[in-house]
Amino acid sequence: MGKTSTYESKIPDAKGIIRYSEDENAVWCDLYARQKALLPGRVCNAFLNGIEALELPADRVPQLKEVNARLQEISGFGVEPVPALISPKRFFTLLAERKFPAATFIRRREDFDYLQEPDVFHEIFGHCPMLTLPTYADFLQKYGETALTLDKSYLWMMQRLFWFTVEFGLIETEEGTRIYGAGIASSAGETPYAVESDKPERRPFDALTVFRTPYRIDIFQTVYYVIDSARQLYDLVSSDLVPVMDEAKRLGSLPPTFPPKEEAGAA
């Protein structure tokens with residue numbers, strides 16, 4: 001979390017329970033209901049199946065220990081509460097250990113429609129459904145393992161890969177182009193925009209191009225990359241990425257498809 005944040009992560013008690021107020025549970029309830037209504041026909045079936053498999057409560061913030069138990073049973077993955085921003089090494093290490101680092105605070109009512117920081121709704125509702133898919137869970141583990149082997153000079157490209165897949169990825173299915181990225185699936189505005197608007201560009205996934213693509217975190221994305229399957233991602237991070245990254249460095253970043261920050265408002 002940034003230094004200017006007004007949010008504080010919640011610390012689990014000795015039994016692993018995180019205390020949420022009635023107001024916080026009400027925010028989860030309303031966020032959950034809104035997104036559940038928006039997702040059918042827009043997210044991939046694996047995501048919808050994952051929500052059902054996790055048995056997330058609709059009326060309160062789920063306990064991370066509950067989600068962890070379900071994920072462990074389904075795919076051998078889990079979630080790990082983190083107290084604040086963690087280092088890239090810690091982040092990659094947790095993924096390599098099949099643990100997804102999760103913030104524990106939930107947004108206030110005044111930030112209901114947009115919050116730049118990842119809160120527990122984004123972490124659990126956005127990320128965890130796809131973690132019930134074994135191939136996708138294996139991809140994230142391998143992503144963490146691969147990142148830990150790379151020199152620090154390559155990590156910004158690994159961040160671009162994470163952004164355009166785990167956070168804002170699309171997938172081609174028999175039903176059409178669908179969402180699997182958590183940043184889209186947890187956003188009421190970006191969910192319909194990502195698959196229905198004619199404003200963004202949707203490109204076939206290509207690692208070299210992804211490594212060269214800049215992004216902004218405070219607007220709806222202007223570019224999405226569309227994968228064929230979770231296996232495509234697993235195979236990519238299981239391969240030698242260094243030559244591709246070196247080529248991306250040699251070619252340089254592509255021109256931004258978004259306006260400079262001072263000329264655009266937050267999404």
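A cavity is a set of grid points where a 1.4 Å probe fits but cannot get out. With that in mind, welcome to these close-up views of a predicted model.

**Figure 1. Here we look into the largest cavity of the model, with about 60 Å³ of space.** The predicted structure holds 2 cavities of 30 Å³ or more. Around the largest cavity stand Phe164, Ile219 and Gln221, among other lining residues. Its lining also includes Tyr215, Arg216 and Thr222. Sorted by class, the residues lining the largest cavity are 6 nonpolar, 4 polar and 1 charged.

**Figure 2. The second largest cavity, shown here, has a volume of about 50 Å³.** Its lining is made by Arg203, Thr213, Pro214, Val223, Leu254, Pro255, Pro256, Thr257 and Phe258. You may recognise some of these names from the previous view: Thr213, Pro214, Val223, Thr257 and Phe258 are also among the residues that line the largest cavity. By class, the second largest cavity is lined by 6 nonpolar, 2 polar and 1 charged residues.

**Figure 3. An open sheet of 4 strands comes into view, with the strand order 4-3-6-5.** The pairing within this sheet is mixed. Strand 4 (176-179) and strand 5 (201-204) each have a single partner strand, so they stand at the edges with one side left without a neighbour in the sheet. From one strand to the next, the twist averages 35°. In a regular strand, side chains alternate between the two faces of the sheet.

**Figure 4. A closer look at strand 3 shows how it pairs with strand 4 and with strand 6.** Strand 3 and strand 4 run in the antiparallel sense and share 4 bridges. A hairpin with 2 residues between the strands joins strand 3 to strand 4. To find this pairing in the model, look for leucine 170, whose bridge partner in strand 4 is isoleucine 179. With strand 6, strand 3 pairs in the parallel sense over 2 bridges. Here isoleucine 171 stands opposite isoleucine 227 of strand 6.

**Figure 5. This view follows the pairing of strand 5 with strand 6 (residues 223-227).** The two strands pair in the parallel sense, and 4 bridges link them. A handy landmark is arginine 202, which has tyrosine 224 of strand 6 as its bridge partner.

**Figure 6. Helix 6 (residues 134-149) packs with helix 7 (residues 155-167) in this view.** Two packed helices are described by the angle between their axes and the distance between the axes. For helix 6 and helix 7, the angle is about 170° and the axes are 11 Å apart. Angles over 145 degrees count as roughly antiparallel, so helix 6 is roughly antiparallel to helix 7. On the helix 6 side, the contact is made by Tyr136, Phe139, Leu140, Tyr143 and Ala147. Helix 7 takes part through Leu155, Met158, Gln159, Leu161, Phe162, Thr165 and Val166. By class, this contact has 10 nonpolar residues, 2 polar residues and no charged residues.

**Figure 7. The largest pocket, with a volume of about 1,300 Å³, is the subject of this view.** It is lined by 44 residues, of which Gln116, Pro118, His122, Trp163 and Glu167 are the closest to its centre. Two or more lining residues come from each of helix 4 (88-96), strand 2 (99-102), helix 5 (120-127) and helix 7. Which element gives the most to this lining? Helix 7 does, with 4 residues. By class, the lining of the largest pocket has 25 nonpolar, 11 polar and 8 charged residues.

**Figure 8. Next comes the second largest pocket, where about 180 Å³ of space lies.** Of its 16 lining residues, Cys44, Ala46, Leu133, Ile171 and Thr173 are the closest to the centre. Helix 2 (45-54), strand 3 (170-173) and helix 11 (230-237) each give two or more residues to the lining. The largest share, 3 residues, comes from strand 3. The lining has 9 nonpolar, 3 polar and 4 charged residues.

**Figure 9. Our last view centres on leucine 38, found in helix 1 (residues 22-38).** Leaving out residues up to four places away in sequence, leucine 38 touches Ala188 and Thr191. Leucine 233 lies 195 residues from leucine 38 along the chain, and the C-alpha atoms of the two are separated by 26 Å.

Notes
Residues numbered from 1 in each chain as written. Predicted model: local features only at pLDDT ≥ 70, side-chain atom pairs only at ≥ 80, totals over all residues. Heavy atoms only, no water. Pairing = 2+ DSSP bridges. Axes fitted to C-alpha atoms, helices over the stretch in contact; angles between N-to-C directions. Parallel < 35°, antiparallel > 145°, perpendicular 65-115°, else oblique. Contact = heavy atoms within 4.5 Å. Nonpolar A, V, L, I, M, F, W, Y, C, P; charged D, E, K, R; others polar. 1 Å grid on protein atoms, 1.4 Å probe; cavity = no way out; pocket = protein on both sides within 12 Å on 5 of 7 lines; lining within 4 Å. Points joined across faces, edges and corners; volume = space filled by probe spheres on them.
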